[in-house]
Amino acid sequence: MADTVFQKIIDREIDADIVYEDDHCLAFHDLNPQAPLHVLVIPKQPIPRLADATNNDGDLLGYLMLTARRVAADAGYADAFRLVVNNGEHAGQSVFHLHLHVLAGRAFGWPPG
Ligand code: AMP
């Protein structure tokens, strides 16, 4: 299967505005931001969808959430941010490399659209 755009960002084949990186994950600004802060947190391990994660990935999934919290806090939004995971095409997923959207800096409606 061809590499996704996020794999190409991990491999530095295309540029991204990276805000955090370690051995397990990468966080960078979304190209089409939906809020004043809109960062994507991705694992370096290429899991296509949350539905494809296994029980063995629990530590990694938790780590992604903690990283999302850190990204929000580092941007000054420790107390008000939203995390979104779109799983599957019909839920709005367009890039098939698991990612958490970290959104902050405006009011968010509920239920989401
Ligand atoms: P989703 O629709 O949940 O799969 O989210 C994919 C997100 O990736 C969208 O919000 C896009 O704007 C974003 N995106 C796509 N390509 C890039 C890129 N090269 N750099 C940063 N964000 C991207």
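Student: What makes the pair between the ligand and His-99 a polar contact?

Tutor: In this predicted model, an oxygen atom of the ligand is 2.9 Å from an N or O atom in the side chain of His-99. A polar contact is a pair of N or O atoms within 3.5 Å, so this pair counts. Backbone atoms join in too: a polar one of Gly-92 is 2.8 Å from a ligand oxygen, and one of Val-95 is 3.0 Å from a ligand oxygen.

Student: How do you know how much of the ligand the protein buries?

Tutor: Alone, the ligand exposes 500 Å². The protein buries 83% of that. Such areas come from the Shrake-Rupley method with a 1.4 Å probe.

Student: Which residues are in the shell, and why are they called near?

Tutor: Near means that a heavy atom of the residue lies within 4 Å. The ligand has 16 residues around it, and Asp-30, Asn-86, Gly-92, Ser-94 and His-101 are the closest. Helix 1 gives the most, with 3 residues. Helices here are DSSP runs of H or I, at least four residues, and strands are E runs of at least two.

Student: What makes a set of residues a nonpolar core?

Tutor: Its members are buried Ala, Val, Leu, Ile, Met, Phe, Trp, Tyr and Cys residues joined through side-chain atoms within 4.5 Å. Buried means under 20% relative accessible area (1.4 Å probe, protein chains only). The largest core has 16 residues, including Ala-27, Val-39 and Leu-64. Helix 2 gives the most to this core, with 5 residues.

Student: How should I read the numbering and the model?

Tutor: Residues are numbered from 1 along each chain. Local features need pLDDT of at least 70, side-chain atom pairs need 80 or more, totals use all residues, and side-chain values use heavy atoms, without hydrogens and water.

Technical notes: A polar contact is a pair of N or O atoms within 3.5 Å; within protein, one must be able to donate a hydrogen and the other to accept it, and residues adjacent in sequence count only if both atoms are side-chain atoms. Buried means under 20% relative accessible area, exposed over 50%, partly exposed in between (1.4 Å probe, protein chains only).
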